[in-house]
Amino acid sequence: MTISLGMPQVPSGRGGTGSAVRPGDVGPMLADRYGRVATDLRLSVTDKCNLRCTYCMPAEGLDWLRNDQVLRDEEVVRLVRIAVEHLGIRELRLTGGEPLIRPGLVDIVAAVRLNHPQLPISLTTNGLGLDRKAGQLRDAGLTRINVSMDSLHPDTFAQLTRRPLLDRVLRGIEEADRVGLRPIKINAVLIRGVNDLEATALLDWSLRHGFELRFIEQMPLDADRAWSRDQMITAAQIRSLLEQEFMLSPDPRQRDGAPADRWEVRRRSEPGAVLGTLGIIASVTEPFCADCRRTRVTAEGSVRSCLFSHEETDLRNLLRSGASDTEIADRWREAMWSKPEGHGMDSARAGDAGFVQPERTMSAICG
Ligand code: SAM
Ligand code: SF4
């Protein structure tokens, strides 16, 4: 069953905690008290990872979930079906941890594709092992891929990820391109004094290969709690670093709920030609909470309405105790109804009132 979607009419009292409006009153979708509707599902298929990016994981890794705590393949596929058929989800992103280390990943993609022939399915990966899996993922029905790669220098890459594996990531990207998993997006986080001076080189490389580079502002979701507003590289600083060599003009296409602010890129030395597009995800300094359309499910099957939530709503127990699709959809709706209006980072410093860093780190909450 496919439900046709329209924006729900959130009655007056919108945003008010005392409003009599309840989840479900505004239609079958994943609406919240502030009038937003989630149509984009980010689902983590594992909490484990084979890199240790300094801005995400501690050097020693985390206390990984036991296998029985992680959603099984058929549970993942069922949740996606409920999300699409009952809750109006129109786009799926598989992530982690590192999704490529999930043994059943290709089967999950194939099963979701069988259920939903038109659903865009993308994957965010660090690229390790992509050289072996890209073709299988394409054949299973994956639509496209985002590969995270913060540096083109082996030593800097090793410093950032604590693993000397840049060549394998590059092989993975090359193979994804070869098998046609396009458009390929490259995600990069800039860290002051480590790879910030590589911003133009990363853009240059991406443009030459026809990839869309997306810089992500570093968020306070690191296990080491080393994030500081003074040290992070802001979107404005990224633009000014790039403008030494490139000209950026706003992409005329509608942003349409996408987290990245998109820019058309021209080279200063040849200003006539648009060479490609750049995205900048400025979650900290230019947040897009008012237009957020995401709902997240962690590897153990808990809904998080926001990356920065302090609350999670468990769906795994429902899945394993014989609950119907309708009951699971209702619980999911309730979880999203209490999505916070914003993360509070833009108005307050981490640690001050208004923003409290979530206990769980990026890899554990479905980045
Ligand atoms: N392991 C996969 C990968 O690295 O692409 C998928 C999961 S990872 C958590 C998803 C994205 O989150 C990556 O692009 C990564 O760079 C980004 N990320 C992780 N920690 C971050 C942080 N503290 N601030 C901003 N982005 C972060
Ligand atoms: Fe692993 Fe991705 Fe986190 Fe890096 S950003 S440690 S690759 S989950």
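Trainee: Let's start with Cys 49: is it buried or exposed?
Mentor: Keep in mind that we're looking at a predicted model. Cys 49 comes out at 16% relative accessibility. Buried means under 20%, so with its 16% Cys 49 counts as buried.

Trainee: And how many disulfides does the structure hold?
Mentor: Take Cys 289, which is in no disulfide. Its nearest cysteine sulfur belongs to Cys 306 and is 6.2 Å away, while a disulfide needs the two sulfur atoms within 2.5 Å. For the structure as a whole, the number of disulfides is 0.

Trainee: What is the relative accessible area of Cys 289?
Mentor: The cut-off for buried is under 20%. Cys 289 is classed as buried because its relative accessible area is 17%.

Trainee: Cys 49 turns up again around a ligand, doesn't it? Which residues come closest to ligand 2?
Mentor: Ligand 2 has 8 residues around it. By class, that shell has 5 nonpolar and 3 polar residues, with no charged ones. The closest are Cys 49, Cys 53, Cys 56, Met 57 and Asn 126.

Trainee: On to the other ligand. How many charged residues are in the shell around ligand 1?
Mentor: There are 18 residues around ligand 1, and Tyr 55, Gly 97, Ser 148, Asn 187 and Met 219 come nearest. Sorted by class, the shell has 10 polar and 6 nonpolar residues, and the number of charged ones is 2.

Trainee: Which residue puts a polar side-chain atom 3.1 Å from an oxygen atom of ligand 1?
Mentor: Let's go through the polar contacts. Gly 97 uses a backbone N or O atom, 3.0 Å from a nitrogen atom of the ligand. Met 219 also uses a polar backbone atom, 2.8 Å from a ligand nitrogen. The side-chain contact to an oxygen atom of ligand 1 comes from Asn 187.

Trainee: How much of ligand 1 does the protein bury?
Mentor: Picture ligand 1 taken alone, where it exposes 540 Å². Of that area, the protein buries 95%.

Trainee: Let's move to helix H1. How far apart are its end C-alpha atoms?
Mentor: H1 runs over residues 73-87, which makes 15 residues. At 1.5 Å a residue, the helix should span 21 Å. The distance in the model agrees with that: 20 Å.

Trainee: How many residues of H1 are buried?
Mentor: The buried ones include Val 76, Val 77, Leu 79 and Ile 82, and also Glu 75, Glu 85 and His 86. H1 is mostly covered, and out of its 15 residues the buried number is 11.

Trainee: Which residue just after H1 takes a positive phi?
Mentor: Look right past the end of the helix. The phi there is about 75°, and the residue is Gly 88.

Trainee: What about Arg 162: which two helices does its loop lie between?
Mentor: Arg 162 has a positive phi of about 60°, even though it isn't a glycine. At 26% relative accessibility, it counts as partly exposed. Its loop lies between helices H4 (154-161) and H5.

Trainee: Which residue is on the proline side of the cis peptide bond that starts at Arg 182?
Mentor: The omega of this bond is near 0°, so to speak the mark of the cis form here. The proline lies in the loop between helix H5 (166-178) and strand S7 (184-188). The bond runs from Arg 182 to Pro 183.

Trainee: How far apart in space are Ala 299 and Val 45?
Mentor: Ala 299 is in the loop between strand S12 (294-297) and S13. It is buried, with a relative accessible area of 2%. Although 254 residues separate Ala 299 and Val 45 in sequence, their C-alpha atoms are apart by 5.0 Å.

Trainee: And what separates the C-alpha atoms of Phe 215 and Asp 261?
Mentor: Phe 215 sits in strand S8, residues 212-216. Phe 215 is buried, with a relative accessible area of 0%. Along the chain, Phe 215 and Asp 261 are 46 residues apart, and their C-alpha atoms are separated by 9.8 Å.

Methods: Residues numbered from 1 in each chain as written. Chains lettered and ligands numbered in written order. Predicted model: local features only at pLDDT ≥ 70, side-chain atom pairs only at ≥ 80, totals over all residues. Heavy atoms only, no water. Buried < 20%, exposed > 50% of the residue type's maximum accessible area, 1.4 Å probe, protein only. Near = heavy atom within 4 Å. Polar contact = N/O pair within 3.5 Å; in protein donor to acceptor, adjacent residues only side chain to side chain. Areas by Shrake-Rupley, 256 points an atom, 1.4 Å probe, with all protein chains shown as cover. Nonpolar A, V, L, I, M, F, W, Y, C, P; charged D, E, K, R; others polar. Helix = DSSP H or I, 4+ residues; strand = E, 2+ residues; numbered from the N terminus. Expected span 1.5 Å × (residues − 1).
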